[in-house]
Amino acid sequence: MCVQAKKHVSRRQILKFTASLAIGTGLTACMPAQVTQPTVASNATEVPVAPTEAGAAATAAVMPAATVEERLKKIGWLPGSPDHAKGWKTILPEVTSAPATEPMVVWANKRVELGDKISDDPKDSPMVQISKELFGLDFQTKFSGGGDDWTTKWTLAIASGDLPDFMEDFPTPVIFKQCLDGNLLEDITDVWEASADPTWMKKPLDTYLDGKAAYVYARQNGRLYGMPCGNRAANNGKLLWARQDWLDKLNLKMPTTLDEVKSVALAFQEAGLGQGAAGTTLGLNLCSSFRGWFASMDGITAQFGVISGFWLAQDDGTLAFADIMLGMKDALTLLRDWYAAGVIPKDYYTVPDADAMNKRAAGNLAGLHYAPAWGARWPVEDSMTNDPNAKWTWAQVPVGPSGKRGNLGEFTYGPGYAFKKGFKYVKQVMESMNWWVSLKEDPTKRYYGFENYDYIWDGDKVSLDSTKLKNKALGYGLAFSRGGAYVDIYADAKSYDYIESWKSIPEDQRDAWQVLQLDDPLGTQTNMRKSYSNIIQNDKNDGIFNKFLSAPTTSMVSFQTTLDKMRDETFHAIITGQKELDAFDQFVTDWKKTGGDQITTEVNEWYKSINA
Amino acid sequence: MLVQRTHPVQRSQSAQSWRRMRAYLARNWPLYAMCLPALVLLALFSYYPMYGVVIAFQSYNPAFGFTGSPWIGLTNFKFIFNLPDFLQITQNTLIIAIAKIVSVQVGALVLALLLNEVRHLGFRRVIQTLTYLPYFLSWVVLGGVLLDMLSTTGIVNLTLQKMGIQPIIFLGSNDWFRPVLIVSNMWQQVGWSAIIYLAALLSISPELYEAAAIDGASHLQRVFHISLPGIASTIILLAALSLGGVLNAGFEQILNLYNPVVYSTGDILDTWVYRAGLLSGQLSLAAAVGLAKSVVSMLLIIVAWTTARRYAGYRIF
């Protein structure tokens, strides 16, 4: 009996013990939240340490003797290599703003893509260190990322009310609009007028197109909510690239009209000059995009005055959508004829742009493609590696039957950099941006970054060997935008002209950087610089610009997916001959019915409002 | 003031049941306490986020949050059902999903029966491993491989060309796109699905086979009269359960293989939501489609469960 009781109790005890253990574990699992509180507090107490640092910087700035160069030398972040025998000196702009009196923490974000060799340690970042020394700004990263995650991180930051003070690279126009609608952005109109550098910040924007275009995105009701930042000019404007050695072999001339493109493409194909198996040589390398950055159709449709997805100015002062204009039907008629004749790949619509470039062009399967000026290096360099005899040449995009040349003029400015509502140091950040932009976008200042980070000395020569360089460091703001973005979208072109001008310097007098830039055995670098200036020069006459430069309208957000699908289906079906040409007229009717008319009205209301 | 009058017997009954309840709890509370952490987790991570479904009825802006975004009722749902391509994408979804379910289940059954007949254990294991390996490959990888293999200059078309057949643009043809989806999905899934059938087959007593063999039943007869009836309940169960997946036509696979030309046969609910919701930032619209899908799937699961219980004697609760 006693044993029985004992047995009974012990079972209950085990149960109780396990249960309290479970509860205990549960409680301890919750504990860390409380435990971490002191650490958060200790983080907070760390902040007051900063004043002494910044205070020291401030007193240093008061001393009149220290020039910018001395101050940068002191902290070990002087750009350029002035002490090297073959070195060069970077001319540093003066700092005109008042010295900092308090520590100014700026939370910023940064877009980084997979494969970027970037260190996010602020100690590694010349930009962060120099901004602290010269302007008293303490940049910190709120979040970084890229790809699909980038949008998600932004949405989370907005939803949790935890936006960075200084925001980079809105992933989609919709996100920018959501921030604006939610009243989350600081109105920077007054600070911009008072503090933005007239030469390096305002002038490029005020002189671009009609002087309004650059600001359109970031402006709402006449107030400015972001510092515009543009894509470099001629990044997407096209040239026709062709295999010179194939042309020579077949005794052909570089095509200057679309008809000649057709005959050359067919000749290449017939001769089977490609590197692949027999019968795999393609005529004109084309991918599935109607408008894009490589092997897209815009170089062809532009000859008919239209570029897919663009809103084009009409004679009556309104905007019309290019996809439903008659020029598009003509362009499709031509493409349909080309497809039937075998000029363009039979499976072009299953080929993404990257494959057209990396597999077909670099793999020497095709001898003709439309590509921007950077096409001088990509995929040409790879193509030359795969076939040492490959020689590429370029010409302006061939004209169509109308004889009027057109080209993609996509020099758009996005919303750029915005500030969080209530952020106190907008003026100070803008002043530091003035300094950085004038340093980086003026080729005559000769800023090429920092030894060991951006270049490395190898005896008397500089090298850009990325395997030997230290990880690049995060930088924030206009001068550190990703993907060749600038305030002055012609900055790149200007620097190319500047580099070309070095050719007049006798070879023995060139410094190491000049030697490096002019050392171009394949000729691809020089070719790229020349093709850039060619596009930019011709753009004033040929460029077809999208006049709608704003976040999407309400109806656009609702109907875009459906309308895009309708366009993609119809256009590809017409080109491949699965549908008759008349399908285009049906598409126009459907497009108008399915929200297109609404969108057109909204776009024109917007257009009127900015031109008022 | 009303006084609730209760019958003495009733009261004593309720008091009695309450006492019994207390005794039960006093005895078993540790068991409930042990369930608690799991329940908390479930509530926190599975039920609490469901609250976010309200954005299907809102014009959602993350800046205003779930509570502050303007309420628009059923507008999102009306918009979706009135879309010109709604019928087409629903049709595609159903056709592709059903074809996939049928092909994978039938394929798995046949594979399992074939493997069951293999007497050499080593050979059987090798085949089993080889057939279920593709299950672990992501469609991002498989998609790239298929795109290459099926391109006009790919291995399949080069072989066809050698045989004197004109190259076929498999992934760009509305006649070929669905078969490619279904066959490639079958290749990926069939080995994995066969495992359950194999397990069921192994549980059939070998004596039955031996007895049938002695009675002179052929291999085929044994399959039809012993193997199939022996696993009939498993077949019905799996078929019924897969009904819940009838609106899932395989987002990842299609996203990696499709292109605008095959929208008319290959665009499904999920890919449409992906383009509209994630690429164009219409979170509310995407949530509305997701919610509608969940409701239909839930109904189907209920039907499936009832069927499974009735015909296969299968119960979860």
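The following exchange concerns a predicted model and its chains A and B.

Colleague: How much area do chain B and chain A bury between them?
Modeller: The size of an interface is often expressed as the accessible area lost when the parts come together. Here the contact draws on 40 residues of chain B and 37 residues of chain A. Of the buried area, 63% is on carbon and sulfur atoms. The total that chain B and chain A bury between them is about 3,300 Å².

Colleague: Which three residues supply more than any other three of the area that chain B buries against chain A?
Modeller: The three in question supply 16% of the area that chain B buries against chain A. They are Arg27(B), Pro62(B) and Val261(B).

Colleague: Which residue of chain A forms a salt bridge with Asp85(B)?
Modeller: Across the interface of chain B and chain A there are 3 salt bridges, and the count of residue pairs in polar contact between these chains is 6. In the salt bridge of Asp85(B), the closest N and O atoms are 3.6 Å apart, within the 4 Å allowed. The partner is Lys565(A).

Colleague: Which element gives the largest share of the side of chain B that touches chain A?
Modeller: Elements of chain B that each supply at least two residues to this side are α1 (8-47), α4 (86-117), α13 (263-266) and α14 (269-279). By class, the side has 23 nonpolar, 12 polar and 5 charged residues. The largest share, 7 residues, comes from α1(B).

Colleague: Are helices α5(A) and α6(A) roughly parallel or roughly antiparallel?
Modeller: The axes of α5 (residues 147-159) and α6 (residues 173-181) of chain A come within 11 Å and cross at roughly 5 degrees. Angles under 35 degrees count as roughly parallel, so α5(A) and α6(A) are roughly parallel.

Colleague: Which residues of α6(A) make the contact with α5(A)?
Modeller: By class, this contact has 4 nonpolar, 3 polar and no charged residues. From α5(A) come Thr151(A), Trp154(A), Thr155(A) and Ile158(A). From α6(A) come Ile175(A), Gln178(A) and Cys179(A).

Colleague: How many residues apart are Lys142(A) and Asp162(A)?
Modeller: Lys142(A) forms a salt bridge with Asp162(A), with the closest N and O atoms 3.1 Å apart. The pair links distant parts of the chain, as Lys142(A) is in strand β3 (residues 137-145) of chain A and Asp162(A) is in the loop between α5 and β4 (166-167) of chain A. Their separation is 20 residues.

Colleague: Where does Pro379(A) lie?
Modeller: Most peptide bonds are trans. Trp378(A) and Pro379(A), however, are joined by a cis peptide bond, with omega about 0 degrees. Pro379(A) lies in the loop between β12 (366-371) and α15 (380-386) of chain A.

Colleague: What is phi of Asn251(A) near?
Modeller: Most residues other than glycine have a negative phi. Asn251(A), in the loop between α10 (244-250) and α11 (258-271) of chain A, has a positive value, near 60 degrees.

Note on methods:
Residues numbered from 1 in each chain as written. Chains lettered and ligands numbered in written order. Predicted model: local features only at pLDDT ≥ 70, side-chain atom pairs only at ≥ 80, totals over all residues. Heavy atoms only, no water. Axes fitted to C-alpha atoms, helices over the stretch in contact; angles between N-to-C directions. Helix = DSSP H or I, 4+ residues; strand = E, 2+ residues; numbered from the N terminus. Parallel < 35°, antiparallel > 145°, perpendicular 65-115°, else oblique. Contact = heavy atoms within 4.5 Å. Nonpolar A, V, L, I, M, F, W, Y, C, P; charged D, E, K, R; others polar. Buried area = accessible area lost by both parts, 1.4 Å probe. Salt bridge = Lys/Arg side-chain N within 4 Å of Asp/Glu carboxyl O. Polar contact = N/O pair within 3.5 Å; in protein donor to acceptor, adjacent residues only side chain to side chain.
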